[in-house]
Amino acid sequence: MLASTPTAETLSDSLPKAVANDALNTGTLDTAQSLQLLLLCAADKADDLAARLHTPFTIAGRQAALHAIASLSDLHNALTQKSWDAAIYSPDLMLLPLADVIHQIEQSALDLPLILLTHPVTSADTQQALRIGVRDVVDSHQLDLLVLSIMREVREARHRADHGIALEKLKESEARFRGLASNLPGMLFHLRQKTDDGYRFLYASEGCQKLFGVTPHDLLASASRLFDAFDAEEKKSLYRALQDSASNGALLNWEGRTRGRTRHKWINLRSMPHRLDGNTVEWRGIATNITQSKESEAQLRKSRQQLAELSSHLEAIKEEERERISRDIHDELGSILVRLKIEVALLASKLPDTAETLRDKAYSIEGLLDQAMSTASRVARELRPGILKEFGLPAAIECQAEDFTQRFNIPCHVQSDEDIPEPALATSLALFRIAQEALTNVAKHAHASQVFIRLHREHGNIVLEVRDNGRGISDADMQKPKSFGLRGIRERISSLAGSFAIVAAEQGGTRVTLRVPEYTPPEPPADEEAQRALF
């Protein structure tokens with residue numbers, strides 16, 4: 001049973017003394033909170049011991065609730081019912097063996113300080129008591145020291161409890177971190193660089209085994225195991241990236257390939273540097289395997305290159321077909337129309353003077369033949385402008401501008417520099433077709449009253465500008481899914497390693513600007529030509 005008496009319930013309501021507080025050094029203990037103490041002694045001795053403890057607790061400015069315990073069953077019940085700050089055991093006033101009391105406290109799994117109160121206190125008894133689990137031994141004739149001992153043990157017990165809670169939280173946080181690190185598709189790392197000590201890993205997650213084929217222990221032992229996973233050039237690149245990141249405080253975002261006999265791995269290292277002092281820099285980041293991403297990028301680039309080559313091939317076939325049709329129109333159809341005109345003229349000259357009506361019909365047919373010949377000539381020029389080969393790009397664009405003006409009744413002004421070098425035939429043809437497409441778009445969509453074309457040199461490039469004063473073009477117009485004209489222009493310019501821009505003009509309308517190098521590098525020979533050149 002848990003026994004208590006009026007004198008044993010609460011000791012001291014007086015104010016704390018400054019000297020006593022300094023001696024106790026209670027720290028974070030709340031002086032207004034009553035200490036819950038177990039008093040292990042015989043029931044008839046509890047009131048006397050409580051009265052003796054009244055004065056020391058009063059001087060210390062502390063309140064204490066003393067609960068008398070007379071048997072092991074009472075101790076067991078007390079330990080299971082509530083928490084206690086400390087226990088006082090007096091062998092002079094208690095018949096329970098000390099070993100049984102310590103065993104009962106240990107079985108409760110509570111951190112309950114047990115203080116032995118006895119007289120006299122000998123060194124041998126103190127060592128024996130401390131060895132079996134007693135926290136402190138105090139002379140029963142010096143109860144002021146008992147208060148100090150209780151306060152110290154309570155404070156240390158609370159420190160141990162706080163430390164245990166902190167350790168549990170730390171273990172939980174570390175387990176959570178290790179769980180996250182083990183499930184990340186890469187390696188978490190903590191790398192340190194010292195000027196006089198080189199590189200050293202302070203932490204590496206288990207992902208290093210999959211990335212580099214080494215264990216975290218290997219990397220912690222030697223950071224060179226990471227650098228040795230790359231060949232000489234990649235290793236130099238990684239060192240340069242680390243040095244630049246350390247010196248500039250910039251993000252480390254490095255990509256490189258590991259060594260391997262068959263398939264290489266692409267690795268990305270990403271981290272922000274943290275400078276600890278003038279000689280020490282640390283990186284805490286992640287290394288990931290980006291092989292699949294790199295291979296997808298390579299396949300995408302290859303696919304785009306193949307599409308560009310196919311587009312160029314189709315354009316070349318189209319130009320060949322245009323040239324054939326243009327030649328047929330010019331040679332075959334043109335000669336037929338000329339012969340028809342001659343025959344009509346001969347027929348009109350042989351008509352009698354009285355056949356005015358027939359003569360007028362002949363002259364009308366002759367006029368229609370002139371129109372047909374003009375149309376055939378224009379179509380042949382649009383399909384394959386012979387003037388482009390004979391007189392060059394500026395003359396061909398001027399001829400196209402004249403045809404545009406006559407056909408749509410929209411003035412088209414052309415300005416070209418005289419010092420423009422004649423580009424390669426493929427470049428001239430591409431620029432001519434782009435000018436054709438731009439003029440066609442103006443006629444269809446711009447609602448313009450004037451068009452201006454300028455051809456000039458600028459920083460080693462040939463620049464073609466087409467500008468109108470129409471309604472302009474919006475972003476939505478340029479993003480239409482069926483704007484194949486603009487896509488064709490972009491593909492042609494891309495094949496010439498040039499640039500293309502279409503923006504709103506300063507005073508309304510639209511401005512198209514093309515830039516291509518003056519000298520386009522020659523295309524590499526086809527496989528058959530390369531083999532023929534080799535053998």
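The largest cavity has a volume of about 60 Å³, so let's open the tour there, keeping in mind that this is a predicted model.

**Stop 1: the largest cavity**

Select Met187, Phe189, Leu191, Phe201, Leu226, Leu238, Leu242, Leu252 and Leu269, and you have the lining of the largest cavity on screen. Two elements give two or more residues to that lining: strand S7 (186-194) and helix H11 (232-248). S7 gives the most, with three residues. Now colour the selection by residue class: the lining of the largest cavity comes out as nine nonpolar, no polar and no charged residues.

How many cavities of 30 Å³ or more does a search of the whole structure find? Two, so there is another to visit.

**Stop 2: the second largest cavity**

The second largest cavity has a volume of about 40 Å³. To see its walls, select Arg381, Glu382, Pro385, Ile387, Ala396, Cys399, Gln400, Asp403 and Phe432. Helix H13 (356-383) and helix H15 (393-408) each supply at least two residues of this lining, and the largest share, four residues, comes from H15. Try the class colouring again: the lining of the second largest cavity has five nonpolar, one polar and three charged residues.

**Stop 3: H15 against H16**

Keep H15 displayed and add helix H16 (425-446). The axes of H15 and H16 come within 10 Å and cross at roughly 20 degrees. Because that angle is under 35 degrees, H15 counts as roughly parallel to H16. The crossing of these two helices is right-handed.

For the contact itself, pick Leu393, Ala396, Ile397, Gln400, Phe404 and Phe408 in H15, then Ser428, Leu431, Phe432, Gln436, Leu439, Val442 and Ala443 in H16. By class, the contact of H15 with H16 has 10 nonpolar, three polar and no charged residues. Some names should look familiar: Ala396, Gln400 and Phe432 were in the lining at the second largest cavity, and here they sit in the contact of H15 with H16.

Before leaving H15, click on Asn409, in the loop between H15 and strand S12 (412-416). Asn409 has a positive phi of about 60 degrees although it is not a glycine.

**Stop 4: H16 against H18**

Stay on H16 and bring up helix H18 (484-495). The axes of H16 and H18 come within 10 Å and cross at roughly 165 degrees. H16 and H18 are therefore roughly antiparallel to each other. Is this crossing left-handed or right-handed? The crossing of H16 and H18 is left-handed.

Show side chains for Ala430, Arg433, Ile434 and Glu437 of H16, together with Gly485, Ile489, Arg492 and Ile493 of H18, and you have the contact. By class, the contact of H16 with H18 has four nonpolar, one polar and three charged residues.

**Stop 5: the second largest pocket**

H16 and H18 also turn up in the next view. Both supply at least two residues of the lining of the second largest pocket, as do strand S14 (461-468), strand S15 (499-504) and strand S16 (510-517). Which element provides the largest share of the lining? H16, with eight residues.

About 580 Å³ of space lies in the second largest pocket. The pocket is lined by 27 residues, and to centre your view you can select Asn441, His445, Ile473, Leu486 and Ile502, which lie nearest its centre. By class, the lining of the second largest pocket divides into 11 nonpolar, eight polar and eight charged residues.

**Stop 6: H4 against H5, then a cis proline**

Now jump back along the sequence to helix H4 (residues 72-81) and helix H5 (residues 98-107), whose axes come within 10 Å and cross at roughly 25 degrees. That makes H4 roughly parallel to H5. H4 passes H5 in a right-handed crossing. Select Leu72, Leu75, His76 and Leu79 in H4, which meet Asp100, Val101, Gln104 and Ile105 in H5. By class, the contact of H4 with H5 has five nonpolar, two polar and one charged residues.

For the last click, zoom in on Pro120, in the loop between strand S5 (114-118) and helix H6 (123-132). The peptide bond from His119 to Pro120 is cis, with omega near -5 degrees.

Key. Residues numbered from 1 in each chain as written. Predicted model: local features only at pLDDT ≥ 70, side-chain atom pairs only at ≥ 80, totals over all residues. Heavy atoms only, no water. 1 Å grid on protein atoms, 1.4 Å probe; cavity = no way out; pocket = protein on both sides within 12 Å on 5 of 7 lines; lining within 4 Å. Points joined across faces, edges and corners; volume = space filled by probe spheres on them. Nonpolar A, V, L, I, M, F, W, Y, C, P; charged D, E, K, R; others polar. Axes fitted to C-alpha atoms, helices over the stretch in contact; angles between N-to-C directions. Parallel < 35°, antiparallel > 145°, perpendicular 65-115°, else oblique. Left-handed = near helix turned anticlockwise from the far one by under 90°. Contact = heavy atoms within 4.5 Å.
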